[in-house]
Amino acid sequence: MSLPEGWNMVVGLEVHTELKTATKLFCGCANEFGSEPNTNTCPICLGLPGSLPVLNEGAVELAIRIGQALFCEVRPSSFARKNYFYPDQAKDYQISQYDEPINAEGHLDLPDGTRVRIERAHLEEDTGKTTHLGGSGRIHGSDESLVDYNRSGVPLVEIVSGPDIRSAAQARAYAAELRSILIAAGASDGRMEEGSMRVDANVSVRRGPDAPFGTRCEIKNLNSLRSIQRAVEYEALRQINMIEAGETIIQETRHWDEDSGKTSTMRSKEEANDYRYFPEPDLVPLAPSAELIQKIGAALPPMPAQRRADLTALLGGAITDAQADHVLSVVESNLDRFMVSAVTAGAPATLAIARVANELSAQLPKAEELPEADFSALLLLEHAGELSATQAKAVLADLVEAGGGDPKAAAVARGFEALETGALDAILDQVIAENPGEWQRYNEGDDKLAGFFTGKVMALTKGQADGKAVNTGLRSRRG
Amino acid sequence: MSVTDLAAKIRAGETTAVAALEHSLSVIAERDGELHAFVEVQTERARERARTIDAAVADGKNPGRLGGVPVALKDNLCQRGTVTSCSSKILEGWIPPYDATVVTRLMEAGAVIVGKTNMFDFAMGASTENSASGPTRNPRDPSRVPGGSSGGSAAAVAAEMVPLALGSDTGGSIRQPASLCGVVGVKPTYGLVSRYGLVAFASSLDQIGPFASTVADAAELLEVLAGHDPMDSTSLTSPVPEISAHLSDGVQGKRIGLCTDLVEGSDPEVVAAVRRAAEVLAAAGAEVVELSIPELRYGLSAYYLIAPAEASSNLARYDGVRFGNRVDGVDVTAMNTATRTAGFGDEVKRRIMLGTYALSAGYYDAYYAQAQRVRTLIIDAFAKAYENVDLLLGATSPTTAFEIGSKVDDPMSMYLSDVCTIPTNLAGHPALSVPFATGSDGLPIGVQLLGPGLSEEWLFAAAAVLEGGAA
């Protein structure tokens, strides 16, 4: 979908990512999703009187990794208090970084080549989680509200992009690329559905690419790549329709409703909190040494852009659009290691990317647990003609379901035993003898009949023959 | 008997922890009905603890440096299983599930905790009158205040209910009541004693410290409390000063500055006491010079922006959601408001409003940020002064203990009680008050010694000299 003629959108994203640390940002409680409510808590993350925060070094290291992966300047930084009342905010203030963030002034290059500036990527603590029961189902007007403080104090990094995104598809691509980078850096598990990566989008529109920015609205808590794209698209169109109807955009925070596919007002700028930021007196300034920053940067594994380049090289460099899409999706879903492993083991790159992009991707997240070696072994069997494509796909599904295993054994379990070359020859001869007319037309150049013979062979072998071997056999018998 | 002697006798089996405790309990029973130094006396828990100490001694074990010595805790220090309410209504009945680091250190040293002492509601006043359970009275004259906010601890030591007590000092809350009650009170270097488990008032200024009858006893307690704590990020990692070892070092060869800005404006008898203290120090071999640090005059104004600003944030958590009192409302905001309206005293509300205002958009630079710049000025001015002198001398409180009720409705005059003590907190330096004279009203007058960061060895040695020359 595109915007009406003459209109442009300007988008900036704020992404909160939970860090994959063992413990919380300021205490020793487990950083764990899905535990019994209020079991991962202590005086510190409950904000009990007299408790004090102590910064988790592991979180600092992950924040620096994110900064390095986003080409940020890692700076001496400090913490501040962001003051506002909310029941899931244990201390009624959030410890965050304000005027001195740990990472600033970086960039992220989208796969389409667009460079999006990263203004900052700073550390802060997460809040608890409130569930409103009965009544309105929101904080005001529900019958009761329950708070789970397991998430209170979980380390977050907030990554703020510049206003450099120009379409809903780009907004999605930015979030997807950032997610891949965060996973690659080992900083986050990137599970949007569990809330470990949450996105807010600032959207404004203007007439033409050089017009001044319009008034922006912020859409809160977009929790899937799809909702990012839909919400940004919807919001831009909403603003354009308003302006074209002679109305004025009011700066406000908006809520995205996944079911209706619409945004609605959460609070206006006038209702916004005055957070009264001031330096957090319970923590000391943070000044990681140049050696540490350098060490962390040097130890970063390859980032998605590099990995896409690696896959493209494996495919011979000049690739089709369809292959490029596969490369993008395979890296985005973090499955490229399967392709690399299979190609290294000797499987053809074209076969490997097809199996990863089409079959493995379809079985996420279970596919992530499959040992790469099992995948490679299966592709070698397929490549050697011991399994047909259909059989290989079925065996792959079984392997993923089982979390791995010997592909040969899995094939046997399915009754897929590759036909001996001798047996295939006999069946081919039989099929040719039984269909002399078709064989003659095939010999006269009607290639379509190859399919006819293959079908016959498959019927006789109950699908166990290797299609490629059948083709080879037919060609060699052609006059 | 000194604390070291008492602990030594208990260790040697010449007396017992139980006997020391029972003595404390009997003085409390005799005097606390009138004075109200304690908000809670943990009789049975303390007795059990004293018996454990005696049993350890009987087993030939060393019960620790303070083995069997009764100690009182200010009501803003968390002790597992005991109500810690900051003598406020909003935290009435709150029982912390953990021990403050200072409580752990006391227990490791063998101390017997006798109870929690009364304080000004959330440590925000110089008189210990505004407490949810009523005022504490000065043991030297029960019609007078004991000072504050750690008035209960000062009174408990002054009335000999306990030989040692812990207080906290944000702008003078240990030193001023020590002066008014005639005991020794110390505000250590910021970061020397862990704040973990101290209910925060103004985090960048709060510091826990000792009350004792003598300089030596105060040193004994401070050495037990001091030292790095990984639970407090602002806790110092530098070596703990060896205070007791240097207690008899005297002041020979030391340069001591009589800081006129910390004397002027005080009652004439207080001024006279400070001048005589200077003579005592000079007679003991110190070179005493008079000097002025004009920047200190801005301390009070800066303090009454910075401390309320931090307090407005620190006290936000008393919202009725998880602990302390709750007053119901139609929704969560109404519940928060009703709880805070009913639970906070007037002075606490005043400071929350001051602090909230000072941090608000549009006012931050003019108030909070400006106050922080003044704080830096004061730190620099102190640093410059300490290039020329080793220690500073001044008044602790501009007056002796005032009448109960005389200032409680006049916040400005109450705030002025801390004018001489506040600059130290802004700088993070140590200072102490040592009883030195008696006014014509028969009330004690303390003088204040101040030093640069971690100068406790010199400070205590100088205080010991003054103690010897006190009238």
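The dialogue below takes up a predicted model and asks how some of its descriptions are reached.

Reader: Why is A:A185 called buried?

Author: A residue counts as buried if 20 or more other C-beta atoms lie within 10 Å of its own, and A:A185 has 21 such neighbours inside 10 Å, so it is called buried. As for its place in the chain, A:A185 is found in the loop between helix 2 (168–184) and strand 10 (197–207) of chain A.

Reader: How do you know that A:A185 touches residues that are not up to four places away in sequence?

Author: Contact is a matter of C-beta atoms lying within 7 Å, and, with residues up to four places away in sequence left out, A:A185 touches A:R65, A:I66, A:A69 and A:L300. For another kind of distance, from C-alpha to C-alpha, A:A185 and A:A175 are 15 Å apart in space and 10 residues apart in sequence.

Reader: What makes strand 10 of chain B largely enclosed by the rest of the structure?

Author: The cut-off for a buried residue is 20 or more other C-beta atoms within 10 Å, and 7 of the 8 residues of this strand, which spans residues 431–438 of chain B, are buried, so strand 10 is described as largely enclosed by the rest of the structure.

Reader: How do you know that strand 10 of chain B pairs with strand 11 of chain B?

Author: Pairing requires at least two bridges between the strands, and strand 10 and strand 11 (residues 444–450) of chain B are joined by 7 bridges in the antiparallel sense, so they are said to pair. Within strand 11 of chain B, the bridge partner of B:A431 is B:L450. In the hairpin that these strands form, with 5 residues between them, B:G442 takes a positive phi near 80 degrees.

Reader: What makes strand 5 of chain B a partner of strand 10 of chain B?

Author: Here too at least two bridges are needed, and 3 bridges join strand 5 (residues 184–187) of chain B to strand 10 of chain B, the two running antiparallel, so the requirement is met. B:K187 stands opposite B:A431 of strand 10 of chain B.

Reader: How do you know which residues of domain 1 and domain 2 of chain A are in contact?

Author: With the limit for a contact set at C-beta atoms within 7 Å, 8 residues of domain 1 of chain A are in contact with 7 residues of domain 2 of chain A. Helix 2 of chain A gives the most to the domain 1 side, with 6 residues.

Key:
Residues numbered from 1 in each chain as written. Chains lettered and ligands numbered in written order. Predicted model: local features only at pLDDT ≥ 70, side-chain atom pairs only at ≥ 80, totals over all residues. Helix = DSSP H or I, 4+ residues; strand = E, 2+ residues; numbered from the N terminus. Buried ≥ 20, exposed ≤ 12 C-beta atoms within 10 Å, placed from the backbone. Contact = placed C-beta atoms within 7 Å.
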